[in-house]
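Biologist: Hey, can you walk me through this model? I'm new to this, so keep it plain.

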Amino acid sequence: MNYSTKVVQVTNVSPSTTSEQMRMLFGFLGIIEELKLFPPDDSPMPVTSRVCFVKFQQHESVGVSQHLTNTVFVDRALIVVPFAEVEKAKATPSLMAESDPLPANRGL
């Protein structure tokens with residue numbers, strides 16, 4: 001299947017997993033441009049689960065990486081899905097930025 005995105009979202013990531021471990025796992029599937037793990041490795045907050053976004057150099061890696069869904073990594077079964085990228089230039093501005101002030105605020 002041909003995907004227009006180069007990004008996958010990985011959910012149900014174990015709280016003990018590090019970004020380096022995720023980079024190692026997904027690095028076998030393609031060249032990684034960027035990888036973000038939330039909350040980050042150095043987060044002081046206690047976490048019960050993490051989310052990881054992996055951006056590959058090639059679209060084909062997205063399809064291949066989905067085969068890792070239900071693979072147990074550390075102590076959890078990963079869920080890998082394509083994630084739609086939004087280009088900043090094409091993103092729709094918020095409704096508040098486009099609209100005039102609300103009628104109640106005009107007299108202030």
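**The pocket and the rings**

Modeller: Sure. In the largest pocket, strand E2 gives the most to the lining, with four residues. Strands (E, at least two residues) are DSSP runs, numbered from the N terminus. A pocket is an open set of points on a 1 Å grid over the protein atoms alone, with protein on both sides within 12 Å along at least five of seven lines, and lining residues have an atom within 4 Å of a point. This is a predicted model, where local features need pLDDT of at least 70, side-chain atom pairs count only at pLDDT 80 or more, and totals for chains, interfaces and linings use all residues. Residues are numbered from 1 along each chain as its sequence is written, and side-chain values use heavy atoms, with hydrogens and water left out.

Biologist: How much space lies in the largest pocket?

Modeller: About 210 Å³. Its lining has 11 residues, and the closest to the centre are Val7, Glu34, Phe53, Lys55 and Glu85.

Biologist: How do the lining residues divide into nonpolar, polar and charged?

Modeller: Seven are nonpolar, none polar and four charged.

Biologist: Switching topic: how many aromatic pairs are there?

Modeller: A search of the whole structure finds two. Phe38 and Phe53 are edge-to-face, at 6.1 Å centre to centre with 70° between the planes. Rings pair if their centres lie within 6.5 Å, and planes over 60 degrees apart count as edge-to-face.

Biologist: Where in the chain do those two sit?

Modeller: Phe38 is in strand E2 (residues 32-38) and Phe53 in strand E3 (residues 50-56), 15 residues apart.

Biologist: And why is the pair of Phe53 and Phe83 edge-to-face?

Modeller: Their ring centres are 4.9 Å apart and the planes stand at 65°, so that pair is edge-to-face. Phe53 lies in strand E3 and Phe83 in strand E6 (residues 79-83), so the pair ties together parts 30 residues apart in sequence. Phe38, Phe53 and Phe83 form one aromatic cluster.

Biologist: What's the relative accessibility of Phe83?

Modeller: Phe83 is at 35%, which counts as partly exposed, meaning from 20% to 50% relative accessible area with a 1.4 Å probe, protein chains only. Phe38 is partly exposed too, at 41%.

Biologist: Now the sheet. In what order do the strands come?

Modeller: The four strands of this open sheet run E2-E3-E1-E6, with antiparallel pairing. Two strands pair if DSSP finds at least two bridges between them. E2 and E6 stand at the edges with a single partner strand each, so one side of each has no neighbour in the sheet.

Biologist: Which residue stands opposite Phe83?

Modeller: Val7 does.

Key
Rings of Phe, Tyr and Trp (its six-membered ring) pair if their centres lie within 6.5 Å; planes under 30 degrees apart count as stacked, over 60 as edge-to-face and the rest as tilted. On a 1 Å grid over the protein atoms alone, a cavity is a set of points where a 1.4 Å probe fits but cannot get out, and a pocket is an open set with protein on both sides within 12 Å along at least five of seven lines; lining residues have an atom within 4 Å of a point. Grid points are joined across faces, edges and corners, and a volume is the space filled by probe spheres set on the points. Ala, Val, Leu, Ile, Met, Phe, Trp, Tyr, Cys and Pro count as nonpolar, Asp, Glu, Lys and Arg as charged, and the others, Gly among them, as polar.
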